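Student: Could we go through this structure together, beginning with its overall make-up and then turning to the spaces inside and on the surface?

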Amino acid sequence: YVHYDLILPNNDFRFTKSGNYVVVIYDNDDSSKPVLTKRFMVYDQQFLINGKVQQATLAEGRYTDHEIDIIVHLTNHAFINPIRDVKMTIYQGHRWDNSITDLKPSFIDQNRLIYDFEDESSFKAGNEYRFFDSKSVRFFTERVQDIIVDSIDVILLHPDESWANQAYSIYPDIEGYYVPNIMEKNDARIEADYVWVNFCLKQKMFIEKGDVYLYGGLTDWSLKEESKLKYDSRIGCYETSLLLKQGYYNYTYLFLSNENGKTIIENVDGDFYQTTQDYFIFVYLYDYNFGYDRLLGMQKLTTNGMF
């Protein structure tokens with residue numbers, strides 16, 4: 001295999017402005033056809049952010065939601081119009097589908113913006129990520145049921161069952177990421193092989209009309225068509241296969257439905273306030289001199305060890 005690395009900044013490129021960026025790689029034969037894209041942010045830490053995660057205040061989400069309370073100290077930027085010029089985005093891990101954007105401060109105290117909400121800044125807590133380990137196609141790991149040796153090897157995982165109706169259980173994970181790895185060789189970047197991994201969610205067909213998706217770093221945090229599971233009535237299972245590089249993977253299942261034209265995303269494994277989650281807070285300030293939003297504050301919060 002050929003393995004490509006791009007490290008930014010480098011000797012040929014440096015960042016001069018903070019904000020949101022995207023790297024786009026195009027087909028060599030068709031410069032109008034993107035092969036892949038990658039989003040990222042560059043921040044210039046000028047705002048001081050004090051954030052806190054806690055159980056939801058409202059009784060309805062007390063045992064299923066996380067509430068984020070935030071105070072932004074504007075330091076020497078007190079001259080701005082915070083209602084108009086400051087924008088905030090909160091991400092749950094690396095999920096883009098359920099981000100909270102454009103919260104307006106509930107209070108303004110001199111050079112402090114106070115975001116103290118209940119429902120408006122709450123997330124469904126989800127559950128811990130599942131895992132599998134495909135670093136070897138010669139040995140069965142804990143989650144592997146069978147290995148089919150072929151021109152491209154196939155790994156059959158043990159069927160999953162929904163955790164939604166079970167009591168919460170501490171289940172260490174790596175927050176949805178994956179790590180390429182191979183047991184029999186040294187350099188996973190270029191020596192790890194690609195294998196088909198078969199997923200099975202043992203579940204009666206959902207009564208609600210909607211679709212089940214695999215989700216996590218293995219799907220690039222996107223709801224892709226190939227990660228949609230199809231129901232097989234013969235075995236009572238939602239099933240799909242992904243071609244993945246050998247390694248250690250986290251994943252979860254999401255259920256997407258439509259209600260009055262609005263997409264509803266639910267965690268198949270339920271929502272428990274004890275779940276370990278990372279949250280990222282980004283605060284932007286509109287720059288009138290250059291006409292763009294500068295990213296001047298970032299903070300990472302975690303519920304690890306809180307509950």
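**Surface, pockets and cavities**

Tutor: The accessible surface of the protein comes to about 17,700 Å², and carbon and sulfur atoms account for 50% of that area. Please bear in mind that this is a predicted model.

Student: What does the C-alpha trace span along its principal axes?

Tutor: The C-alpha trace spans about 65 × 55 × 40 Å.

Student: And how many helices and strands are there?

Tutor: The secondary structure comprises two helices and 22 strands. Of the 307 residues in the protein, 42% are buried. Among contacts with a separation of 6 or more, 66% join residues that are 24 or more positions apart.

Student: Turning to the pockets, what volume does the largest pocket have?

Tutor: Its volume is about 2,000 Å³. The lining of the largest pocket consists of 42 residues, and Leu36, Thr37, Lys38, Tyr178 and Asp220 are those nearest its centre. Two or more lining residues come from each of strands E1 (19–27), E2 (30–42), E14 (178–180), E18 (237–245) and E21 (278–287), and from helix H2 (188–191).

Student: Which element gives the most to that lining?

Tutor: The most is given by E2, with seven residues. By class, the lining of the largest pocket holds 26 nonpolar, eight polar and eight charged residues.

Student: What about the second largest pocket: how much space lies in it?

Tutor: The second largest pocket holds about 790 Å³ of space. It is lined by 25 residues, with Asp65, Ser122, Phe123, Lys124 and Ile265 closest to its centre. Strands E4 (65–73), E9 (122–124) and E20 (262–267) each supply at least two lining residues, and E20 has the largest share, with six.

Student: How does that lining divide by class?

Tutor: The lining of the second largest pocket has six nonpolar, eight polar and 11 charged residues.

Student: Now the cavities. How many are there of 30 Å³ or more?

Tutor: The count is two cavities of 30 Å³ or more. The largest cavity contains about 120 Å³ of space, and the second largest has a volume of about 60 Å³.

Student: Which residues lie nearest the centre of the largest cavity?

Tutor: Arg95, Asn127, Tyr129, Asn267 and Gln277 lie nearest its centre, out of 13 lining residues. Strand E19 (residues 247–259) gives the most to this lining, with three residues. The lining of the largest cavity divides into five nonpolar, six polar and two charged residues.

Student: And which residues line the second largest cavity?

Tutor: Its lining is made up of Gln92, Gly93, His94, Tyr129, Glu175, Tyr177, Trp221, Gln277, Asp278 and Phe280. By class, these are four nonpolar, four polar and two charged residues. Tyr129 and Gln277 are also among the residues nearest the centre of the largest cavity.

Student: One change of topic: is strand E5 mostly covered or mostly open?

Tutor: E5 (residues 86–92) is mostly covered, with six of its seven residues buried.

Student: How does E5 pair with E21?

Tutor: The two strands pair in the antiparallel sense over seven bridges. Within that pairing, Thr89 of E5 has Phe282 of E21 as its bridge partner. E5 also pairs with strand E6 (residues 100–101), in the antiparallel sense, over two bridges.

Student: Which residue is the bridge partner of Thr89 in E6?

Tutor: In E6, the bridge partner of Thr89 is Thr101. Thr89 therefore has a bridge partner in each of the two strands, E21 and E6, by the DSSP bridges used for pairing.

Conventions: Residues numbered from 1 in each chain as written. Predicted model: local features only at pLDDT ≥ 70, side-chain atom pairs only at ≥ 80, totals over all residues. Heavy atoms only, no water. 1 Å grid on protein atoms, 1.4 Å probe; cavity = no way out; pocket = protein on both sides within 12 Å on 5 of 7 lines; lining within 4 Å. Points joined across faces, edges and corners; volume = space filled by probe spheres on them. Helix = DSSP H or I, 4+ residues; strand = E, 2+ residues; numbered from the N terminus. Nonpolar A, V, L, I, M, F, W, Y, C, P; charged D, E, K, R; others polar. Buried < 20%, exposed > 50% of the residue type's maximum accessible area, 1.4 Å probe, protein only. Contact = heavy atoms within 4.5 Å. Areas by Shrake-Rupley, 256 points an atom, 1.4 Å probe, with all protein chains shown as cover.
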